[in-house]
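Visitor: I would like to go through the fold of this protein. Please take me to the sheet and what packs on it.

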Amino acid sequence: MADVTLRDVARVSGCSVATVSRVLAGTRPVGVETARRVREAADALGYRPNQAARALRGRSTGTVGLVLPQITNPFYPALVRELTHALHADGRAVLLADCDDDPVAEAEYVADLLSRQVDALLVIPAHEERSRAAVAAAAARVPLVLMDRGCGPGVADSVAVDNTAGMALVLDHLAATGRRRVCFLGAAGTASAAAERRGAYAAGAGALDPGAPERVALGDFSVEWGRAAVDEVWPARPDALVCANDLIAIGALQRLQQLGVAVPGEVAVTGFDDIPMAALSAPGVTTVRQPVPELAAEAARLLALRLSGDNSGPQRSIRLAPALVVRESSIPSRLTPPRRAERDAAPVT
């Protein structure tokens, strides 16, 4: 079958080719009834815009570049899925790049995507400071939205979960369940999400125990670090491990089980993000759920505003409310072994 053209859509809809072009490109307002007729005709004929031809005419390529820090983190595939759906609904395709937490590689991928004439960029920065120059330069060329992490003020529109509120939910939950000797297992470096969660813990943990803000062990966002972190902090005998993400929490659970430590009887474990593994682990991990569909929808909305020509307004910073998902890793049940005698506990530092 020959490709369907704008002229074919115009013939079926009873509109001019120019009107059909305006409706399908969204370049100028058209009456509701006219737009309906054009879109129904395009759907019936199976019309698809020729993106290559559109790009050659100096218009939109219909593509958005997405740069991630590390696709192996299970949080990001879920986010990519929602972003792909949200952008597809706006008629845009996604070009994905994984920089493997390397700001140098990130800058190279950003430059490559710009050379491919993407209409806009979505970036989850690898590093708050070292990512800034390349991201700011890109934001001066195309609409750009930062997601999940930032790289300093004044760079671009951004959307992320409220990490401070999420950590407050965790600490309130642990306080309500009688935990006091809490310890934070987090990630070093300057990724803004890591820093925000670490800072929120330090600000709020003192309400449980004056020494709690100082009980911090930092590594990276990995299962391996979660296992190693338990060995580092266990001499202090914490009764709760507050983990900066679910991968750390799952690693901590694995090591605690190897040591024969009862969870949650002796120690509670909490995570952050609510990746699928958090619900599937044994015990299930109490965690802070990021609103991934809303995160993707807001990012797509911010891009759409800028792509529509709304480039003069102030930069927008959106923080979405998290939710606490309580599972077995923090709530003792009738089957949970009793806590070990306090005489076994080492002095709290």
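Visitor: In what sense do strand β1 and β2 pair, and over how many bridges?
Guide: This is a predicted model. Strand β1 covers residues 63–68. Its pairing with β2 is in the parallel sense, and the number of bridges is six.

Visitor: Which residue in β2 does valine 67 stand opposite?
Guide: The partner lies in β2, which spans 93–98. Opposite valine 67 stands alanine 97.

Visitor: Which helix packs on the sheet and touches β1, β2, β3 and β4?
Guide: Two of the strands touched are β3 (120–123) and β4 (144–147). The direction of the helix makes about 170° with that of β1. The helix consists of residues 75–89 and is α5.

Visitor: What angle does the direction of helix α7 make with that of β4?
Guide: Helix α7, residues 132–139, also packs on the sheet. There it touches β3 and β4. With the direction of β4, that of α7 makes about 145°.

Visitor: Which are the edge strands of the open sheet?
Guide: The sheet has six strands, with parallel pairing, in the order β2-β1-β3-β4-β5-β11. An edge strand here pairs on one side only. That applies to β2 (93–98) and β11 (317–320).

Visitor: What share of the residues of the protein count as buried?
Guide: The secondary structure comes to 13 helices and 12 strands. A residue is buried when its relative accessible area is under 20%. Of the 349 residues, the buried share is 47%.

Notes: Residues numbered from 1 in each chain as written. Predicted model: local features only at pLDDT ≥ 70, side-chain atom pairs only at ≥ 80, totals over all residues. Heavy atoms only, no water. Helix = DSSP H or I, 4+ residues; strand = E, 2+ residues; numbered from the N terminus. Buried < 20%, exposed > 50% of the residue type's maximum accessible area, 1.4 Å probe, protein only. Pairing = 2+ DSSP bridges. Contact = heavy atoms within 4.5 Å. Axes fitted to C-alpha atoms, helices over the stretch in contact; angles between N-to-C directions.
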